[in-house]
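Biologist: I should be grateful for a close look at a single part of this model. Please take one helix and its surroundings, and describe them in a connected way.

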Amino acid sequence: MNQIPERFRALLAVSENDEVRLELRELAAADLPQHEVVIQVAYSSVNYKDGLASIKQGRVVRTYPIVPGIDLAGTVVWSEDSAIKVGTQVLVTGYELGVSQFGGYAEYASVPASWVIPLPRGLSAFDAMVLGTAGFTAALSVERLLLNGLQKGQGPVLVTGASGGVGSVAVAILAKSGYSVVASTGKQTAHELLRTLGASDVIGRDEVLVPVGKSLDQQRWAGAVDPVGGQTLSSVLRSLRYGASVSACGLTGGPNLEATVFPFILRGVNLLGIDSVYAARELRMGLWRKLATDWNVTKQLAGMTRVVGLEEVPTVLKEILNNQVQGRVVVQLQK
């Protein structure tokens, strides 16, 4: 691994007295886990799960200390796998990255070869991190809706938490694909930006909610992408149109779901669980090719993308946990 400099920068999460402390440190090659591929990281990104990794009560990190960051994109500098050549531009999202294995908030990362996805033609390393896990989750959510029968002209498709990472990408993908999108957000300042992403209407988060105790509401949505969970997901289930589906892909609004069987047995609605962490490699590669071509919305997301340095990440992690982040945050690792 002589391609790695003697020392390189990393953000380390350290557990001490039931608290997690984030420290900028210099690491050496020997500090990295021993895997088949080493990547010089150009960019990472900030996701809600990264925020959870920065607090003990987040309960997503197996063992501290760890380098957080569930996404990364960069260049292979060392490889024991003949299928992954040195110099290849690649990306890694999900799996155990930033959770039980050192992640993307470092200038170098060592990962298993099976996690590595070659960067598809049409996406730069920066573009890949504008999307990141959030974009991949959004793409997976839309793909599942299409496979479950969503078609153009059936009615409005709801995207909750639309000003966040998953929500904003889902709005852009659906709008670019010709669907009528209603974006729901609690941020008044995001309304105009969501319209520039293609939302035909933008509503407040409270306008989605169905009164507690009401088993069914009027049939409003032909489909939905929900990164929020909690009361929002419960309300979406009760207001889907007959035979419609909702992709459930997040829990920023809480992990609990209060529901009855009535939406399922009286309207035939579908609750689609979305897991982007352990998605099959073939599925990943196919969706990343879509995100590089037909679903390439990185230009649309430019107005909702912020670039920060490694030293700014601790502040951004606090912001994302406090619901203060709008759109996507990309972390630049190389000058």
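Biologist: Which strands does helix α2 (residues 125–147) lie across, and at about what angle does the helix run to β12?

Modeller: The model is a predicted one, and the description below should be read accordingly. Helix α2, residues 125–147, lies across β11, β12 and β13, and its direction makes about 155° with that of β12.

The sheet beneath this helix deserves attention next. It is an open sheet of six strands, arranged in the order β10-β9-β8-β11-β12-β13, with parallel pairing. Because β10 (201–204) and β13 (270–273) are the edge strands, each has a single partner, and one side of each is left without a neighbour in the sheet. On average, neighbouring strands here are turned by 20° against each other, direction ignored.

The pairing of the strands under α2 can be followed residue by residue. Strand β11 (residues 221–226) runs parallel to strand β12 (residues 240–248), and five bridges join the two. Within this pair, Asp-226 has Ala-248 of β12 as its bridge partner, while Ala-224 stands opposite Val-246 in β12. Between these strands the chain passes through helix α5 (residues 230–239), and the resulting β-α-β crossover from β11 to β12 is right-handed. On the other side, β12 is joined to β13 by four bridges, again with the strands running parallel. Here Ser-247 has Leu-272 in β13 as its bridge partner. As a general point, side chains in a regular strand alternate between the two faces of the sheet.

Helix α2 also meets another helix. Its axis and that of helix α7 (residues 281–292) come within 10 Å and cross at roughly 110°. The two helices are therefore roughly perpendicular. From α2, the contact draws on Ala-128, Leu-131, Gly-132, Gly-135, Phe-136, Ala-139, Leu-140 and Glu-143. From α7, the contributing residues are Leu-283, Arg-284, Leu-287, Trp-288, Lys-290 and Leu-291. By character, the residues of this contact comprise nine nonpolar, two polar and three charged.

Beyond this region, a further parallel pair is found later in the chain. Strand β14 (residues 305–309) pairs with strand β15 (residues 328–332) over five bridges, and Arg-306 has Val-329 of β15 as its bridge partner. Together with helix α8 (residues 313–321), β14 and β15 make a right-handed β-α-β unit.

Two details of the backbone lie in loops elsewhere. In general, most residues other than glycine have a negative phi, and most peptide bonds are trans. The peptide bond from Tyr-64 to Pro-65, however, is cis, with omega near 0°; Pro-65 belongs to the loop between α1 (48–53) and β4 (71–79). Tyr-95, which is not a glycine, has a positive phi of about 55°, and this residue lies in the loop between β5 (89–93) and β6 (108–111).

Finally, the whole chain provides the setting for α2. The chain contains eight helices and 15 strands, and its C-alpha trace spans about 65 × 45 × 35 Å along the principal axes. A compact globule of 335 residues would have a radius of gyration near 20 Å, and the value of 20 Å for this chain agrees with that.

Definitions and conventions. Residues are numbered from 1 along each chain as its sequence is written. This is a predicted model: local features need pLDDT of at least 70, side-chain atom pairs count only at pLDDT 80 or more; totals for chains, interfaces and linings use all residues. Side-chain values use heavy atoms; hydrogens and water are left out. Two strands pair if DSSP finds at least two bridges between them. Axes are lines fitted to C-alpha atoms, for helices over the stretch in contact, and angles run from 0 to 180 degrees between N-to-C directions. Contact means heavy atoms within 4.5 Å. Angles under 35 degrees count as roughly parallel, over 145 as roughly antiparallel, 65 to 115 as roughly perpendicular and the rest as oblique. Ala, Val, Leu, Ile, Met, Phe, Trp, Tyr, Cys and Pro count as nonpolar, Asp, Glu, Lys and Arg as charged, and the others, Gly among them, as polar. A crossover is right-handed if, with the strands pointing away from the viewer, the path from the first strand over the helix to the second runs clockwise. The radius of gyration is taken over C-alpha atoms; the globule rule is 2.2 Å times the number of residues to the power 0.38.
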